[in-house]
Amino acid sequence: IITVSNNNRISLSNGESFSFVDDLGVALACIEEQGDIPAVQSRDLQEKKKQALAASSALKSTITRIVKYYRETHPTRGRTLKPGSRDWNRIRSRLEEGLTEEELIKAIDGNKICAWHKSHPAGHSVEYVFRNATKIEGFIQLATEGPVKEESIGHHKGSKEFVDGDRRDVF
């Protein structure tokens, strides 16, 4: 009996004992070892196992390319970014949500030119760049359209332009 829990944990039971696994490929290998599966089902399971491993391998390759680009863009960051780490899984989650490799790379570029993130010590961390889809969309827009120049309206007492005295009545 195969059961998948809410947190995607797979439990296997042969009626006598339970085992828990986190990976579909491992679950299929355990089932094959039992030997109770008819040959036709076993072939189907082998094909599903190959597909799952190929998808997992492709996802890992995509994340590796994104991490490589991130490290090239921010040479002093991302040294602890390894498979299974919190930041690695953050990137994986964004890909699983449907964002593409190109979009995530563009988000890295947008974050790099964002004035606010430049002024904060952790502003270019993977956590900030890939925090959620809204952040990523904003960074993609920034990378595509460039920074928006904000017009200053008037001036304040500390500005160099404030040489004509107190102008509160005008503002």
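The mean pLDDT of this predicted model is 74, and 55% of the residues of the protein reach 70 or more. Confidence is lowest in strand S3, residues 18–21, with a mean of 56, and highest in helix H4, with a mean of 91. Where pLDDT is low, the predicted coordinates should not be read in detail. I shall accordingly spend my time on the helices.

Let me begin with the overall arrangement. The protein has three strands and seven helices, and along the sequence the order is β-β-β-α-α-α-α-α-α-α. Of its 171 residues, 28% count as buried. The accessible surface comes to about 12,100 Å², and carbon and sulfur atoms contribute 51% of that surface. Among contacts with a separation of 6 or more, 46% are between residues 24 or more positions apart.

I turn now to the interior. The largest nonpolar core comprises 21 residues. Ile66, Leu81, Ile91, Leu104, Phe130 and Ile136 have the most contacts inside this core. Which helices each supply at least two of its residues? They are H2, H3 (86–96), H4 (101–113), H6 (126–129) and H7 (133–145).

Ile136 gives a view of the core from one residue. Leaving aside neighbours within four places in sequence, Ile136 is in contact with Arg94, Leu99, Leu104, Ala107, Val129 and Phe130. Two of these partners, Leu104 and Phe130, also appear among the core residues with the most contacts.

Helix H4 deserves a closer look. This helix has 13 residues and spans 19 Å from its first C-alpha to its last, which is close to the 18 Å expected at 1.5 Å a residue. Which residues of H4 are buried? They are Glu101, Leu104, Ile105, Ala107, Ile108, Gly110 and Asn111. Ala107 and Leu104, both buried in H4, are contacts of Ile136.

Ile113 also lies in helix H4. With a relative accessible area of 34%, Ile113 is partly exposed. Beyond residues up to four places away in sequence, Ile113 touches Lys118, Leu142, Ala143 and Pro147. The C-alpha atoms of Ile113 and Leu142 are 7.7 Å apart, although 29 residues separate the two along the chain.

I come next to the charged side chains. The structure holds five salt bridges, and I shall discuss three of them. As background, side chains of opposite charge can pair when their charged atoms come close. An α-helix has 3.6 residues a turn, so residues three or four places apart point the same way.

The first example is in helix H2, residues 39–73, where Lys68 lies. The side chains of Lys68 and Glu72 meet in a salt bridge, at 3.8 Å from N to O. Why are these two residues about one helical turn apart? Because Lys68 and Glu72 are four residues apart in helix H2. Lys68 itself is exposed, since its relative accessible area of 54% is over 50%. As for its surroundings in space, the C-alpha atoms of Lys68 and Leu81 are separated by 9.8 Å, with these positions 13 residues apart along the chain.

The second example is in helix H3, which contains Arg90. Arg90 forms a salt bridge with Asp87, with the closest N and O atoms 3.7 Å apart. Arg90 and Asp87 are three residues apart in helix H3, and therefore about one helical turn apart. Is Arg90 buried or exposed? Arg90 is buried, because its relative accessible area is 18% and the cut-off is under 20%. Asp87, at 25% relative accessibility, counts as partly exposed. Leaving aside neighbours within four places in sequence, Arg90 is in contact with Val126, Glu127, Phe130 and Arg131. Phe130 thus recurs here: this residue is also in contact with Ile136.

The third example is again in helix H3. Glu96 forms a salt bridge with Arg92, with the closest N and O atoms 3.3 Å apart. Both residues lie in H3, four residues apart, about one turn of the helix. Glu96 is exposed, with a relative accessible area of 56%, whereas Arg92, at 32%, counts as partly exposed.

To close, I return to confidence. Helix H4, where the mean reaches 91, is among the helices that each supply at least two residues of the largest nonpolar core. Strand S3, with its mean of 56, is the part of the model to read with reserve.

Note on methods
Residues are numbered from 1 along each chain as its sequence is written. This is a predicted model: local features need pLDDT of at least 70, side-chain atom pairs count only at pLDDT 80 or more; totals for chains, interfaces and linings use all residues. Side-chain values use heavy atoms; hydrogens and water are left out. Buried means under 20% relative accessible area, exposed over 50%, partly exposed in between (1.4 Å probe, protein chains only). Contact means heavy atoms within 4.5 Å. Accessible areas come from the Shrake-Rupley method with a 1.4 Å probe; for residues, only the protein chains shown count as cover. A nonpolar core is a set of buried Ala, Val, Leu, Ile, Met, Phe, Trp, Tyr and Cys residues joined through side-chain atoms within 4.5 Å. The expected span of a helix is 1.5 Å times one less than its number of residues. pLDDT is the predictor's confidence in each residue, from 0 to 100. A salt bridge is a side-chain nitrogen of Lys or Arg within 4 Å of a carboxyl oxygen of Asp or Glu.
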